[in-house]
Amino acid sequence: SWQTGGLVGYSSQPITFKNCAVNDLFIGGYNATAGTLFGLGVTDITVIDCQVTNARLYTDGLTWASTQKEEGTFWVGHLYGKTLTVTNSTEENVTVVSDYE
């Protein structure tokens with residue numbers, strides 16, 4: 001429930017998500033770093049030709065301070081100073097909730 005993602009929770013190795021889809025997702029937990037595809041990492045993330053629809057990310061009041069959250073994308077819950085590269089991919093109907101609903 002801490003490092004949660006629709007496909008991968010945590011990694012310290014570079015990851016590429018390609019031709020993937022996540023639909024009707026509800027993920028997160030206590031102090032979670034929840035992302036639609038990837039939860040938390042000290043690595044570079046690449047997203048190519050992926051789609052996420054109808055996702056709710058549960059944070060339990062965690063402060064979202066990563067660059068990805070500030071830019072309004074939710075592929076990644078948190079990256080520690082690494083790069084998120086997104087090509088030809090979409091996220092639709094993604095919301096963040098602070099209470100388990």
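This passage walks through the fold, the core, the disulfide and a few individual residues of a predicted model.

Starting with the overall layout, the protein chain is built from one helix and 11 strands. Read from the N terminus, the order is β-β-β-β-β-β-β-β-α-β-β-β, with the helix sitting between strand 8 and strand 9 in that run. The chain has 101 residues, and 42% of them count as buried. Contacts reach a long way along the sequence: taking residues at least 6 apart, 77% of the contacts join residues that are at least 24 apart. As for the outside, the accessible surface adds up to about 5,200 Å², with 46% of that belonging to carbon and sulfur atoms.

Two strand pairings involve strand 6. Strand 2 (residues 8–11) runs parallel to strand 6 (residues 38–41), and three bridges hold that pairing. Within it, Val8 faces Phe38 of strand 6. Strand 6 also pairs with strand 9, again in the parallel sense and over three bridges. Here Gly41 has Leu79 of strand 9 as its bridge partner.

Next comes the nonpolar interior. In soluble globular proteins, nonpolar side chains tend to be buried together. The largest nonpolar core in this model takes in 21 residues, and those touching the most other members are Phe17, Leu37, Ile45, Val47 and Trp75. Strand 3, strand 4, strand 7, strand 8 and strand 9 (76–79) each give two or more residues to this core. Val47 gives a good view of the surroundings. Setting aside neighbours within four places in sequence, Val47 contacts Phe17, Leu37 and Trp75, as well as Leu84, Thr85, Val86, Thr87 and Ser89. Phe17, Leu37 and Trp75 thus turn up both as contacts of Val47 and among the core residues that touch the most other members.

The model has one disulfide. The bond joins Cys20 to Cys50, with the sulfur atoms 2.3 Å apart. The two cysteines come from distant parts of the chain, 30 residues apart: Cys20 belongs to the loop between strand 3 (15–18) and strand 4 (21–28), while Cys50 belongs to the loop between strand 7 (45–48) and strand 8 (51–58). The torsion about the S-S bond is about 110°, so the disulfide is right-handed. Both ends are tucked away from solvent by the 20% cut-off. Cys20 has a relative accessible area of 12% and is therefore buried, and Cys50, at 0%, is buried too.

The loop that carries Cys50 also holds Asp49. At a relative accessible area of 25%, Asp49 is partly exposed, whereas Cys50 is buried. The backbone of Asp49 stands out as well, with phi near 55°, a positive value in a residue other than glycine. Most residues other than glycine have a negative phi, and most peptide bonds are trans.

Ser89 meets this loop from another part of the chain. Ser89 is located in the loop between strand 10 (84–87) and strand 11, and its 16% relative accessibility makes it buried. A polar atom of the Ser89 side chain lies 2.9 Å from the backbone nitrogen of Cys50. On the other side of the ledger, a polar atom of the Ser89 side chain also lies 2.9 Å from the backbone oxygen of Thr87. Beyond four places in sequence, the contacts of Ser89 are Val47, Ile48, Asp49, Cys50, Gln51 and Trp75. That list includes Cys50 of the disulfide and Val47 and Trp75 of the core.

Asn93 makes a useful contrast with Ser89. Asn93 lies in strand 11 (residues 90–97) and is exposed, at 52% relative accessibility, while Ser89 is buried. Asn93 also has a phi near 55°, positive although the residue is not glycine. Which residues does Asn93 touch, not counting those up to four places away in sequence? They are Asn54 and Ala55. Asn93 and Asn54 are 39 residues apart in sequence, yet their C-alpha atoms are 4.9 Å apart in space. Their side chains make a polar contact with each other at 2.7 Å.

Technical notes. Residues are numbered from 1 along each chain as its sequence is written. This is a predicted model: local features need pLDDT of at least 70, side-chain atom pairs count only at pLDDT 80 or more; totals for chains, interfaces and linings use all residues. Side-chain values use heavy atoms; hydrogens and water are left out. A disulfide is a pair of cysteine sulfur atoms within 2.5 Å. Helices (H or I, at least four residues) and strands (E, at least two) are DSSP runs, numbered from the N terminus. Buried means under 20% relative accessible area, exposed over 50%, partly exposed in between (1.4 Å probe, protein chains only). Contact means heavy atoms within 4.5 Å. Accessible areas come from the Shrake-Rupley method with a 1.4 Å probe; for residues, only the protein chains shown count as cover. A nonpolar core is a set of buried Ala, Val, Leu, Ile, Met, Phe, Trp, Tyr and Cys residues joined through side-chain atoms within 4.5 Å. A polar contact is a pair of N or O atoms within 3.5 Å; within protein, one must be able to donate a hydrogen and the other to accept it, and residues adjacent in sequence count only if both atoms are side-chain atoms. Two strands pair if DSSP finds at least two bridges between them.
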